[in-house]
Amino acid sequence: MFALMVVVFVLGYTAIALEHPLKIDKAASALLIGVLTWTIYVFGGVDILSSGVSRAWNEYVAHNPGMDNAHGMLDFITHHEVLHHLSEISTILFFLLGAMTIVEIVDQHQGFKIITDKIKTTNKVKLLWVLSVLTFFMSAALDNLTTTIVIVALIRKLIDDQKDRWFFASMVVLAANAGGAWSPIGDVTTIMLWIGGQVTTINIITRVIVPSLFTMIVPLIIVSTYLKGHITRPELAEGEDKEYTTHKERVFILCLGVASLLFVPVFKTTTHLPPYLGMLFGLGVMWVVTEIMHRNKDHEFKSRLNVTGVLKKVDVPTVLFFLGILSAVASMQSAGHLDILASWLDKNVHDIYVINLIIGVLSSIVDNVPLVAAAMGMYPIEGAEAVGYAANFVQDGLFWEFLAYCAGTGGSMLIIGSAAGVAAMGMEKIDFIWYLKKITLLAFVGYLAGAGVYYLQAMLLH
């Protein structure tokens with residue numbers, strides 16, 4: 001059963017990769033593997049948990065000694081683990097839903113028109129650099145997921161051709177993941193390390209920003225050598241050029257939307273509550289404000305601009321895809337697959353640079369959150385007096401900084417390897433195989449370039 005979980009995951013992953021040839025939506029495949037892996041886990045729970053490979057089960061028994069029996073194992077999986085992981089997954093889903101709705105509100109109010117009107121260039125190379133640099137710094141202030149949603153929505157207004165949109169959106173994913181890696185609030189894994197005390201704000205920014213910058217710049221330089229021509233702006237559909245809002249309303253809603261997104265990290269830092277609550281608060285404020293703004297307008301305007309109408313345009317399949325894929329990974333984390341992987345790396349590799357490089361590559365296949373969680377569980381934070389190999393695991397040690405870089409940027413190598421990639425894939429229906437052919441090598445080269453810069457920087461500073 002333990003091995004069967006892996007087989008089902010691989011088959012489901014293959015179905016997601018072959019979404020277009022199979023003509024089966026990736027959300028359907030993700031939901032199936034999300035349910036099937038947990039079902040197999042339940043049926044084989046006694047054998048799997050008795051083997052002792054599940055760190056979650058071992059910790060649970062340590063706190064509940066009387067539960068070490070078949071009934072306790074079933075209760076552990078169906079009540080403790082399912083609900084525990086559902087709570088973590090739900091925070092991501094509600095965050096995603098809130099962010100997508102806020103962006104859609106701004107879009108329906110024609111707020112992005114203010115930005116797109118300012119971007120005059122149609123040159124592909126210039127536009128790619130502008131959007132990538134904007135994404136890089138925005139994702140550090142917001143986070144890579146929110147930034148990707150915003151910029152991809154912007155790309156829709158700027159670029160007509162689908163393949164051009166796919167390419168620009170994919171490069172935005174690279175820039176968003178690179179920008180999120182060096183900020184303590186830019187990526188889920190960096191947030192985990194920051195909250196856990198493995199890294200501190202100033203050090204993670206100063207030591208990881210340059211490698212992250214190279215991760216974005218190197219692929220951009222390569223692309224600039226062969227990307228030619230100009231983009232074509234999308235033509236407005238009939239009735240789409242109609243102005244439903246005044247210029248003042250557009251500016252106000254754009255500013256309110258940006259403020260709502262920027263408020264999320266402030267809310268998180270101030271209250272220590274999960275970021276999704278800050279996102280939902282921002283959505284609630286925008287909902288109330290738009291209701292008041294449009295209460296005296298006729299039905300045509302209200303149906304387009306009110307949040308109840310906007311919600312119908314939110315991409316629900318993307319949310320369900322997240323739910324399925326994260327559920328599948330959670331089952332494997334609970335059963336102990338990822339702990340076995342982490343232990344094998346520690347015993348057989350035992351080099352902080354190689355271990356983290358492998359974790360980065362694996363994070364493009366398996367969600368980076370459980371991988372980082374496994375690493376955090378395996379390696380305690382050493383005291384300042386630690387020497388030798390252990391000195392890499394002190395607060396702001398090389399292992400933790402390089403882990404933040406690798407786990408944050410490694411996911412760019414596959415379209416479903418990061419939250420930003422999954423969001424872009426859902427919004428633009430980017431084909432997995434197309435991304436593999438066009439972007440994966442670029443992302444890998446950028447990943448190695450940034451890693452090389454970090455290594456040289458570490459040699460000079462330490």
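This passage walks through the overall build of the protein, one enclosed helix, a nonpolar surface patch and the cysteines.

The structure is a predicted model, in which local features need pLDDT of at least 70 and side-chain atom pairs count only at pLDDT 80 or more, while totals for chains, interfaces and linings use all residues. Residues are numbered from 1 along each chain as its sequence is written, and side-chain values use heavy atoms, with hydrogens and water left out.

To begin with the whole, the protein has 24 helices and zero strands; helices (H or I, at least four residues) and strands (E, at least two) are DSSP runs, numbered from the N terminus. The C-alpha trace spans about 65 × 55 × 45 Å along its principal axes. The radius of gyration is 23 Å, which agrees with the value near 23 Å for a compact globule of 462 residues; this radius is taken over C-alpha atoms, and the globule rule is 2.2 Å times the number of residues to the power 0.38. Of the 462 residues, 54% are buried, where buried means under 20% relative accessible area, exposed over 50%, and partly exposed in between (1.4 Å probe, protein chains only). Contacts (heavy atoms within 4.5 Å) tell a further part of the story: among those between residues at least 6 apart in sequence, 79% join residues at least 24 apart.

Helix 22 makes a good stop on the way inward. This helix, residues 419-428, is largely enclosed by the rest of the structure because nine of its 10 residues are buried. Among them are Gly421, Met425 and Glu428. The buried residues of helix 22 pack against several helices, including helix 3 (26-43), helix 10 (162-181) and helix 17 (316-335). Just after helix 22, Lys429 takes a positive phi of about 55°.

On the outside, the protein exposes about 19,600 Å², with carbon and sulfur atoms supplying 68% of it; accessible areas come from the Shrake-Rupley method with a 1.4 Å probe, and for residues only the protein chains shown count as cover. Ile222, Tyr226, Val361, Leu441, Phe444, Val445 and Leu448 make a nonpolar surface patch of about 560 Å². Patches are made of residues with over 30% relative accessible area and no salt bridge (a side-chain nitrogen of Lys or Arg within 4 Å of a carboxyl oxygen of Asp or Glu); like charges are joined within 9 Å, and nonpolar side chains (Val, Leu, Ile, Met, Phe, Trp, Tyr) within 5 Å. Helix 24 (440-461) and helix 12 (201-226) each supply at least two residues of the patch, and helix 24 gives the most, with four.

Finally, the disulfide count, using pairs of cysteine sulfur atoms within 2.5 Å, comes to zero. Cys406 is buried, at a relative accessible area of 0%, whereas Cys255 is partly exposed, at 48%.
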